[in-house]
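Load the model, keep the selection box handy, and let's take a short walk together.

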Amino acid sequence: MTNLAQDLSPASGGLQSAWDMLGSAAATAGYGPDILARFTRHLEALPPLEAARINPFSFATGAGIDDDAVLDLFIHGTRLGLFDLEWGTVCPLCGAITNSVAQIDEIAEDTLDCALCMREAPSVLDDTVEVTFAYTPAEAAIDLHRDIAAYQRYFTSTSYPYFKQWRTYYQKHLVTDAKLQPGETASLTPRGEVGEVFRLLCLDVHGGAEIRIIDAKTPGRDAVQRVSLTSDGFPERWIEIPAGAAELAVTNDTDQPVWCLVLRMVVEDVMAIIDLGPPVFGRRLTGKHLINNQAFRESFAMDQLAPDLKLKLRSLTLLFTDLKGSTALYDREGDLDAYRLVQDHFDLLKGVVRAHSGALIKTMGDAVMAAFPTARDGAAAAVDMMAAMQKLAGSHGDKEIGLKVGLHAGPALAINAGKNLDYFGQTVNIAARVQGLADAGEICLTDALNTNDAVRALLADAGYSDHQEQARLKGVSSEELIHRYNTAA
């Protein structure tokens, strides 16, 4: 299957031209007309609210299309201007989208601050950064303020498991609300007893504050408490209102229409949701998955990112390869033939990486570095690389070259390397060193991957046997348990 990115150029002939280009590229890439037809039918059938934030994996299930094909079409459709791509930071506790940006280098690097939970969480590409696509034809007007369910749905991760429970809570405990145009002021005063607590929320800017009802006799309190809503939320995290006739006046100082809600805080109902357990999000396109997608890396210019970009990944599977016998190959075959074989080998490895949801990060001499979102993806790519290289060597009549593969998984930093996103950290160092231990035809893994049942089963099914050894890796203080997989008897 060829690469869609090779067949696309920026659209210049309007929306229909862009769709035509996407169809042409899809056909060239091997996606039949039925795939694009199902894609467009399902897209046009989406309600406007769902089309405004599309989870590509849920879309693939609904359309009955392969995940990779759907992601390819969304990525290249975004490049053509048919869709908008959005990076959202998502609270791991309540599923709220705390921020959404158009560029990866606008993501918060350290922590995200959830105004709804009033808690902080680490900003990591693995799970608190998710990516959605928006399709908004001119005739598709979206009224986010029509009801609480629509309002909450848009500002909550589509894969969050407790959405219905929180929606019920919002609907049950709403005490007052106001829809405000820019510059408009409204009274949002909850009437309660001393000691009661309410939540003032505005999901449009992810703003939240606690409202406490205090004794009316408290000195120094004005009859009108004024609060300004800005694009950064409410400046106050805690607001005190005397019981009785006091008024809370909220002014919309943003440049957009907003909806402000006041909810009664009912501890028992909140605890009932918390007792359901830590939320396990459904399948979604995380930031980690997208930046390790070959089509994405080829379709979007990475050299325009902020020069000091640093984003965290909790766990990344890295694969390094090298060719054994390549130096002798140049002596034996001559520069031209040897060069062609090495380039054929790069094309082959790139295709395998792409087929297993990975990305080729860079080449170094005769070696490559690739990254994968899961350990199983990396191991499957290693097995297919070995099989493909055997065929390539056989077709060239050269049995003296062989592929060496090493894999490791762990935390890493995604950094701007000038022309692309690269990875930095000890995980990268270990993966490279592990590859250096492999012989031709061998796949070497660290224990970080070999503890994965799916990885061991995949290698066993492919006919590989495991030989363990302790190894001292350069630059690593402690010994690593290395699993040397080969097909030798």
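A charge sits over a ring if NZ of Lys or CZ of Arg is within 6 Å of the ring centre and within 35 degrees of the ring normal. Select R284 and F281 to see a case: the charged end of R284 lies over the ring of F281, 4.2 Å from its centre. Next, pick K179 and W259, where the charged end of K179 is over the ring of W259, 4.5 Å from its centre.

Before moving on, some housekeeping. This is a predicted model, in which local features need pLDDT of at least 70 and side-chain atom pairs count only at pLDDT 80 or more, while totals for chains, interfaces and linings use all residues. Residues are numbered from 1 along each chain as its sequence is written, and side-chain values use heavy atoms, leaving out hydrogens and water.

Now for the rings. Rings of Phe, Tyr and Trp (its six-membered ring) pair if their centres lie within 6.5 Å; planes under 30 degrees apart count as stacked, over 60 as edge-to-face and the rest as tilted. The whole structure holds 16 aromatic pairs. Select W19, F39, F59, F74, F83, F133 and Y135: ring pairs link these residues into a cluster.

Switch to cartoon view. The protein chain has 16 helices and 21 strands; helices (H or I, at least four residues) and strands (E, at least two) are DSSP runs, numbered from the N terminus. Two strands pair if DSSP finds at least two bridges between them.

Colour β7, β12 and β10, which form an open three-stranded sheet in that order, with mixed pairing. β7 (185-187) and β10 (224-229) are at the edges with a single partner strand each, so one side of each has no neighbour in the sheet. From one strand to the next, the twist averages 25 degrees (axes are lines fitted to C-alpha atoms, and angles run from 0 to 180 degrees between N-to-C directions). Three bridges join β7 to β12 (residues 247-252), and the two run antiparallel; zoom in on A186, which stands opposite V250 in β12.

Which strand should you select for a view of an enclosed one? Try β21 (residues 480-486): six of its seven residues are buried (under 20% relative accessible area, 1.4 Å probe, protein chains only), so the strand is largely enclosed by the rest of the structure. Add β20 (residues 465-471), joined to β21 by seven bridges and antiparallel to it, with Q470 opposite L481. Then add β19 (residues 443-446), antiparallel to β21 through four bridges; I443 has Y485 as its bridge partner.

Finally, zoom out: of the 489 residues of the protein chain, 52% count as buried.

Key. Buried means under 20% relative accessible area, exposed over 50%, partly exposed in between (1.4 Å probe, protein chains only).
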